Amino acid sequence: MKFFRNILAAAVAALVLVSACDREQKFKVDGDIYGAEGKSVTLAKADFAGRWVVVDSARVDKNGHFSISAVSPASPEIYRLTYNNRFIYLPVDSVETIQVSTDTAKFGKDFKLTGTPKAELMEAFERDLRGYNPADSAASEAFKRSVYTKYIQDSRGSIISYYVLTKVVDGKPLYDPADPGDIRYYGAVATQFEQFRPDDPHGKMVREVSIKAMRKRNSDMGRRKVLQAEEKRVVDIALPDENGTVRKLSDYVGKGNRVLVAFGMMNDEKSPAFNRELAALQSKFGSGLTIYSVSVDADQYAWRDAARNLPWITVFDAGGMTSTALIDYNVSVLPSFYIYSADGELVDSAFTIKDLNKKLGL
């Protein structure tokens, strides 16, 4: 009897498993590929090592129609439909159906995508891309600005913005993180993901690329300006505080007390400890030390709420990780600190609180 109960339990478990699989949310890609009757198409998804992994395939029927369904991704992803070593890229958010219409001669070059607004945007971008000429530098820069305005600027952390940003054309990136002029685009997309999709792994990847590129650019571009400041010329900053009043660094430097310029992020997980250390410095030196804190947070409203409770000058840099102030001060890590002497000379820098305390004489 026990044997039969075990068999029954196993059967029930199997039915539950099958039922659960049936309930898995899926998306669908279907449409027509004229001239491909009897041939196969595959659907693949990229992993985070850049490899394309096939998730399913289908055979085109005698009418040129095909249909593929797959389990919906946990977060928006880019998939690609492959036929004869040519590709059509597809943005998939969740449970949806994307229709593809093309023929064998135009596959991957000229096609129609419908079913979702993002699919239509993808088709529009790929159509625009056919007019891109990387050999003409002026036209190339104009094209990238236009693409940013159309597909990235208001995308709010969309998978489309990630795809456009990381698009490779003829073996070269459309937006090159090694190009100082393109870094701002990476910073903009990273900020969007932080604001609207903070848990999306695509945003974290863009942020890492942005930070690495920014460090190199700041090192290349900022060193000259810091050297100028070392010749007793303050590198000025003019940014709004939590009340919207513009605070100029030059209004405080060289006025008879030392000035500490602190770059950081108010909403970082380490921010409470960071602020406690600054408060300890403020208490130790009193009016002998002016703290001018520059925040490059993505969320200005959360920054403002936190800044209102602090007893030193706190300003907000809307440029985020691509800000001019970070470049001018050659900032490569956060937090970073720069110390002006009482007579207005930039005398030192530090990158940890421990090092800062030492250089302030504590």
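In this predicted model, the axes of helix α2 (residues 117–129) and helix α3 (residues 137–152) come within 12 Å and cross at roughly 170°. Since angles over 145 degrees count as roughly antiparallel, α2 and α3 are therefore roughly antiparallel to each other. The points below describe this helix pair, a mixed five-stranded sheet and helix α5.

**Contact of α2 with α3**
- Helix α2 contributes L121, A124, F125, D128 and L129 to the contact.
- From α3, the residues F143, V147, K150 and Y151 take part.
- By class, seven residues of this contact are nonpolar, two are charged and none is polar.

**The open sheet**
- Five strands, in the order β15-β14-β13-β16-β17, form an open sheet with mixed pairing.
- Strands β15 (313–316) and β17 (346–350) are the edge strands, each pairing on one side only.
- On average, neighbouring strands of the sheet are turned by 20° against each other, direction ignored.
- Four bridges join β14 (residues 289–295) and β15 in the parallel sense.
- Residue S295 has F316 of β15 as its bridge partner.

**Helices lying across the sheet strands**
- Helix α7 (residues 271–285) lies across β13 (258–264), β14 and β16 (336–340), and runs at about 160° to β14.
- Helix α8 (residues 300–307) lies across β14 and β15, with a direction at about 175° to β15.

**Helix α5**
- The 14 residues of α5 (residues 183–196) should span 20 Å at 1.5 Å a residue, which agrees with the 20 Å between its end C-alpha atoms.
- Buried residues of α5 are I183, Y185, Y186, G187, A188, V189, A190, Q192 and F193.

Technical notes:
Residues are numbered from 1 along each chain as its sequence is written. This is a predicted model: local features need pLDDT of at least 70, side-chain atom pairs count only at pLDDT 80 or more; totals for chains, interfaces and linings use all residues. Side-chain values use heavy atoms; hydrogens and water are left out. Helices (H or I, at least four residues) and strands (E, at least two) are DSSP runs, numbered from the N terminus. The expected span of a helix is 1.5 Å times one less than its number of residues. Buried means under 20% relative accessible area, exposed over 50%, partly exposed in between (1.4 Å probe, protein chains only). Two strands pair if DSSP finds at least two bridges between them. Axes are lines fitted to C-alpha atoms, for helices over the stretch in contact, and angles run from 0 to 180 degrees between N-to-C directions. Contact means heavy atoms within 4.5 Å. Angles under 35 degrees count as roughly parallel, over 145 as roughly antiparallel, 65 to 115 as roughly perpendicular and the rest as oblique. Ala, Val, Leu, Ile, Met, Phe, Trp, Tyr, Cys and Pro count as nonpolar, Asp, Glu, Lys and Arg as charged, and the others, Gly among them, as polar.
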